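Hi,

Here is the model I said I would pass on. Have a look at it first, and my notes follow underneath.

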Amino acid sequence: MLLNQLYNSFTQLDPLQAYLLSFKKCAKDLPQLLKPEIWEAVRDQPYLFSEDLHSNNSYLNRLMTLNIKFKGADHILTKVSNLTQAATIQGRSPLFDQRIVELSMQIPPEYKLMGAQEKAVLKQAVADLLPEQIVFRPKSGMMVPVKLGFKQYWQRKARALLLKRKAAIAPYLNQALIREWLNYENDTWRRYGIKLWLLVSLEIWLQVNGK
């Protein structure tokens, strides 16, 4: 999104498109994934995060707010909570403490992002407390091997869940496209696994909640 902000004359993406596409999930597929009548009904509806994305805060603070409220709370912290509780321990995420978040929003953007270095002021604050290899350790994701999982272990179960006529997602989503994903047709960027993971999660959620 930062690159899009710098080079928007080339990308020609508005901030909302850039935010959705940055997750590399199903946003780009929505016109084909949703049934035509569903897409027509929702395409012009405001997104949940539009207000934060178009606020008057600095661009960096807007991105931070979105990451804290949505990617953090609904994605990363959920993983941490579920995995730690499965091992009968309780994880804590001190950087999400409300006081820390409020303080971070008061720090000028140029102290948080110095060139390509993220969390610059935080790294300086703990430089005398932690080894250099910890402070400047490259980022690493919390990836789940979903591509391997769906190809080798879960494909039959996923087909049964997502492709049956009475699936909870059937009234809304294009099952022919989902069939292509399950067959890994044209998976050039190896993204089908995470998309299938999202769809299976949605189907199970709809079934459990009786929607």
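How many helices and strands does the protein chain have? The count is 15 helices and 0 strands. Before you go further, please keep in mind that this is a predicted model, and everything below was computed from it.

**The overall picture**

The C-alpha atoms fill a box of roughly 60 × 45 × 35 Å along the principal axes. The protein chain has 211 residues, and 26% of them count as buried. If you take the contacts with a separation of 6 or more, 55% come from residues 24 or more positions apart.

**The cores**

The largest nonpolar core has 25 residues. Which of them touch the most other members? Those are Leu33, Leu162, Ile178, Trp181 and Leu196. Four helices, α12 (146–152), α13 (155–162), α14 (175–182) and α15 (192–208), each supply at least two residues of this core. The biggest contribution is from α15, which gives 5 residues.

Leu162 is a handy place to start clicking around. Not counting neighbours within four places in sequence, Leu162 is in contact with Ala167, Ile169, Gln175, Ile178, Leu196, Leu199, Val200 and Glu203. Apart from the largest core lies another one, of 6 residues, including Leu16, Tyr19, Leu53 and Leu66.

**α14 against α15**

Now for the helix pairs. To describe two packed helices, you give the angle between their axes and the distance between those axes. For α14 and α15, the axes come within 10 Å and cross at roughly 130°, so the two helices are oblique to each other. The crossing in which α14 passes α15 is left-handed. On the α14 side the contact is made by Ile178, Glu180, Trp181 and Leu182, and on the α15 side by Tyr192, Lys195, Leu196 and Leu199. Ile178, Trp181 and Leu196 have come up already, as core residues that touch the most other members.

Lys195 caught my eye here. Is Lys195, in helix α15, buried or exposed? Lys195 counts as buried, because its relative accessibility is 9% and the cut-off for buried is under 20%. The side chain of Lys195 is joined to that of Asp29 by a polar contact of 2.7 Å. Leaving out residues up to four places away in sequence, Lys195 touches Lys25, Cys26, Asp29 and Trp181.

In the loop between α14 and α15 you will find Asn186. Asn186 has a positive phi, near 60°, although it is a residue other than glycine. With a relative accessibility of 68%, Asn186 counts as exposed.

**α7 against α8**

The other pair is α7 with helix α8 (residues 98–106), which pack at an angle of about 165° with their axes 10 Å apart. That makes α7 and α8 roughly antiparallel to each other, and their crossing is right-handed. The residues making the contact are Asn61, Met64, Thr65 and Ile68 of α7, with Val101, Ser104 and Met105 of α8.

Between α7 and α8 there is a loop that holds Thr88. Thr88 also has a positive phi in a residue other than glycine, near 55°. Thr88 counts as exposed, at 73% relative accessibility.

**Lys69 and Asp52**

One more spot to zoom in on is Lys69, in helix α7 (residues 59–86). Which side chain does the side chain of Lys69 meet in a polar contact of 2.9 Å? The partner is Asp52, which lies in helix α6 (residues 50–53).

Lys69 is partly exposed, with a relative accessible area of 42%, whereas Asp52 counts as buried at 18% relative accessibility. The cut-off for buried is under 20%, so Asp52 at 18% falls within it.

Setting aside residues up to four places away in sequence, Lys69 touches Asp52 and Asp74. With the neighbours within four places left aside, Asp52 is in contact with Arg62, Thr65, Leu66, Lys69 and Phe70. Of these, Thr65 is also part of the α7 and α8 contact, and Leu66 belongs to the core of 6 residues. Lys69 and Phe49 are 20 residues apart in sequence, with 9.0 Å between their C-alpha atoms.

That's what I have for now. Shout if you have any trouble opening the file.

Cheers

Key
Residues are numbered from 1 along each chain as its sequence is written. This is a predicted model: local features need pLDDT of at least 70, side-chain atom pairs count only at pLDDT 80 or more; totals for chains, interfaces and linings use all residues. Side-chain values use heavy atoms; hydrogens and water are left out. Buried means under 20% relative accessible area, exposed over 50%, partly exposed in between (1.4 Å probe, protein chains only). Contact means heavy atoms within 4.5 Å. A polar contact is a pair of N or O atoms within 3.5 Å; within protein, one must be able to donate a hydrogen and the other to accept it, and residues adjacent in sequence count only if both atoms are side-chain atoms. A nonpolar core is a set of buried Ala, Val, Leu, Ile, Met, Phe, Trp, Tyr and Cys residues joined through side-chain atoms within 4.5 Å. Axes are lines fitted to C-alpha atoms, for helices over the stretch in contact, and angles run from 0 to 180 degrees between N-to-C directions. Angles under 35 degrees count as roughly parallel, over 145 as roughly antiparallel, 65 to 115 as roughly perpendicular and the rest as oblique. A crossing is left-handed if the near helix is turned anticlockwise from the far one by less than a right angle, and right-handed if clockwise.
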